[in-house]
Amino acid sequence: MIEPQEVPDVIRAEHIVKSYGAVKALRDINMHLVKGEVLGLVGDNGAGKSTLIKILTGFVQPDDGKIFVNGEEVKLRSVTYARSLGIETVYQDLALVNELTVYHNMFLKREVLLKPFPLLNNRVMREQAHEYLKKIGVNIQSVDTEVAKLSGGQRQAIAIARAVYSNAKILLLDEPLAAMGAKEGALILDLIRGLKAAGEVSIIMIAHNYGQVFEICDRVNLLQHGTITLDKRIVDTALDELNELVMREYRIAATSSQ
Amino acid sequence: MAKDVLPDAAAQKTEPEKARDRRAFWSNLAGILLRRREASIIVVAILLVVYFQVSNQNFFTQANIRTISQFAAATAIISAGEVMLLICGEIDLSVGMVFAFAPFIMYFTYQAGLPIWIGIIFGLLASAVVGLFNGLVTVLLKVPSFITTLGTLFLIEGLNLTISNGFPVLAPVVGAFNQVFGNSPWSEIIWAIAIAIVMQVVLSFTKWGLHTVATGGNLLGASETGVNVNRVKIGNFMLCSVFGGFAGILEGFRITSIDPLAGGTNIMFMAVAGAVIGGTSLMGGLGTIVGAFLGVLVLSILFDGFTLLGVSAFTFDIILGAAILIAMILNVRLQLLREAGRQ
């Protein structure tokens, strides 16, 4: 299974195992993420996608297996540690505070202070947030807007922008297009496309909609019953192949339950 | 053709347009009152002042304003701490007992022969310890703060009665010190205003304030972002207790007597009521110190005004209850209106 390594892996997981009591959430995960690519992670509910993301983000520790970041073996013992290695996660709840403005959300825990006073330098934070959002093409009326007043797509965009702005090198997106209309979804796909073009970050994206995976991802991993059953570049596969694999899973489930 | 029609149409539209302008004016005004809760409380306060002045010529006199200020000051100081806690989604019911506890610690320290300023520091430290206890039990043992502080409420009340044997003592007299810390007629309200200003700056313009709002607005999200929500909560519990203790010390010097039954649940509920009337949400994430200060001021004006009019204390409680209910219902309705406005 050793591939020729033209581009280095920013993250590589080998033989990852994780059980919750009697339930084996992950059996034997082998996966990798190449610098600058967008990897789509698909699979049924309960296949282990969330557990895998939680392990890569340092929120959950695996029972067994090795993780390498930029070729070096690491123990992702905490979210803070994973973050210090440049791994940022955008959760489905987005971790935005409705009551705060866009720029305060962008700078939460990274506040710029009006040195030597312990006061917030709102002017600088406002300007930087405005400029950064403009640069990556996120359109909102004003960074002074409270986050509660934004649409689902805009909120998702702010959450992603915040993660990237904090110098993320590896971005984990947990269903960034969930519960979103086509227009809003297109906004996020554009944003991810832009990040890909800039080439600074590598992205793992959990998705339900295969169409969107084929739209944006370079490679897709299908997770079934705690193992990766398909790992192909998008150009080498087709929607039919993915569907066929998933349908076979359903058929097996149907026969075994009879 | 179209060019000919346009001016006519414009001329015809002047009447409806005027109406629209009027409507725009009112909706703008309503918008300001909706957004800035403080503005609507100031309007209420001014209306009350005008009403009481018309009803009773003694209302707007220096002596009466001083009375109102003294009535409002201690409660306003407590409400500043209570708002910080309410914003991060917690409440402190025990603060009224700390109000009586701190001056006793100060008194005993002074009796032991130490200077009065050490006594004040010890009083405030003891208050902080109560806050720390409230915070630790709430955050680490995951007991809801309503219950935690209900426990410490009775605990501290019993402690106050025990250490004082149930009797009030005379506040130490140390000249200028007394004047600064509550005894001079305007000293208490000056402290209250200063604390309100400082705390509003802390809330609006510091990291601590930002993290407090984030903790109450989205607890999980704030912790995922890396905000130490436990530290924020415990810190605000301590802050609230310290303000309660400080207000108690000022009050002790003002009335020259330290009473184990001072403060209690009454002053605590007045502080919470003031905060709520001032626009603080009991759900967390929303509120201002200035709003709470104005809320307490409105309650004090009401209390004083009705007293001057000879309305009985019983009636006053009915009015206070109704005022809190109306304020809360408005709060909820306005919140819904605001959310509707977002769509």
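Helices (H or I, at least four residues) and strands (E, at least two) are DSSP runs, numbered from the N terminus. This is a predicted model, in which local features need pLDDT of at least 70 and side-chain atom pairs count only at pLDDT 80 or more, while totals for chains, interfaces and linings use all residues. Residues are numbered from 1 along each chain as its sequence is written, and chains are lettered from A and ligands numbered from 1 in the order in which they are written.

**Exercise 1. Place Ile116(B) in its helix and determine whether Ile116(B) is buried or exposed.**

Step 1: Ile116(B) belongs to helix α6 of chain B, which covers residues 116-140.

Step 2: A residue is buried if 20 or more other C-beta atoms, placed from the backbone, lie within 10 Å of its own, exposed if 12 or fewer, and partly exposed in between. Ile116(B) has 20 other C-beta atoms within 10 Å, and is therefore buried.

Step 3: Two residues are in contact if their C-beta atoms, placed from the backbone, lie within 7 Å. With residues up to four places away in sequence not counted, Ile116(B) touches Tyr110(B), Pro172(B), Val174(B) and Phe177(B).

**Exercise 2. Carry out the analysis of burial and contacts for His32(A).**

Step 1: Strand β2 of chain A, residues 23-34, contains His32(A).

Step 2: There are 19 other C-beta atoms within 10 Å of His32(A), so this residue is partly exposed.

Step 3: Once neighbours within four places in sequence are left aside, His32(A) is in contact with Asp9(A), Ile11(A) and Arg12(A). The C-alpha atoms of His32(A) and Asn221(A) are separated by 9.8 Å, although these residues are 189 residues apart along the chain.

**Exercise 3. Work out the strand order of the six-stranded open sheet in chain A and find its edges.**

Step 1: Two strands pair if DSSP finds at least two bridges between them. On that basis the order is β6-β7-β8-β3-β9-β10 in chain A, with mixed pairing.

Step 2: The edge strands, each pairing on one side only, are β6 (87-90) and β10 (227-233) of chain A.

Step 3: Within the sheet, β3 (residues 38-43) and β8 (residues 202-206) of chain A run parallel and are joined by four bridges, and Gly40(A) stands opposite Met205(A) in β8(A).

Step 4: Axes are lines fitted to C-alpha atoms, for helices over the stretch in contact, and angles run from 0 to 180 degrees between N-to-C directions. Helix α5 (residues 152-165) of chain A lies across β6 and β7 (170-174) of chain A, and runs at about 170 degrees to β6(A).

**Exercise 4. Identify the residues that touch the most other members of the largest nonpolar core.**

Step 1: A nonpolar core is a set of buried Ala, Val, Leu, Ile, Met, Phe, Trp, Tyr and Cys residues joined through C-beta atoms within 7 Å.

Step 2: In the largest such core, of 161 residues, Ile203(A), Met205(A), Ile77(B), Ala80(B) and Phe243(B) touch the most other members. The helix that gives the most to this core is α12 (residues 229-254) of chain B, with 14 residues.

Step 3: Ile203(A) touches Val38(A), Leu39(A), Leu171(A), Leu173(A), Ile192(A) and Leu195(A), residues up to four places away in sequence not being counted.

**Exercise 5. Describe the side of chain B that touches chain A.**

Step 1: The contact joins 18 residues of chain B to 19 residues of chain A.

Step 2: On the chain B side, the elements giving two or more residues are α10 (207-217) and α11 (219-225) of chain B.
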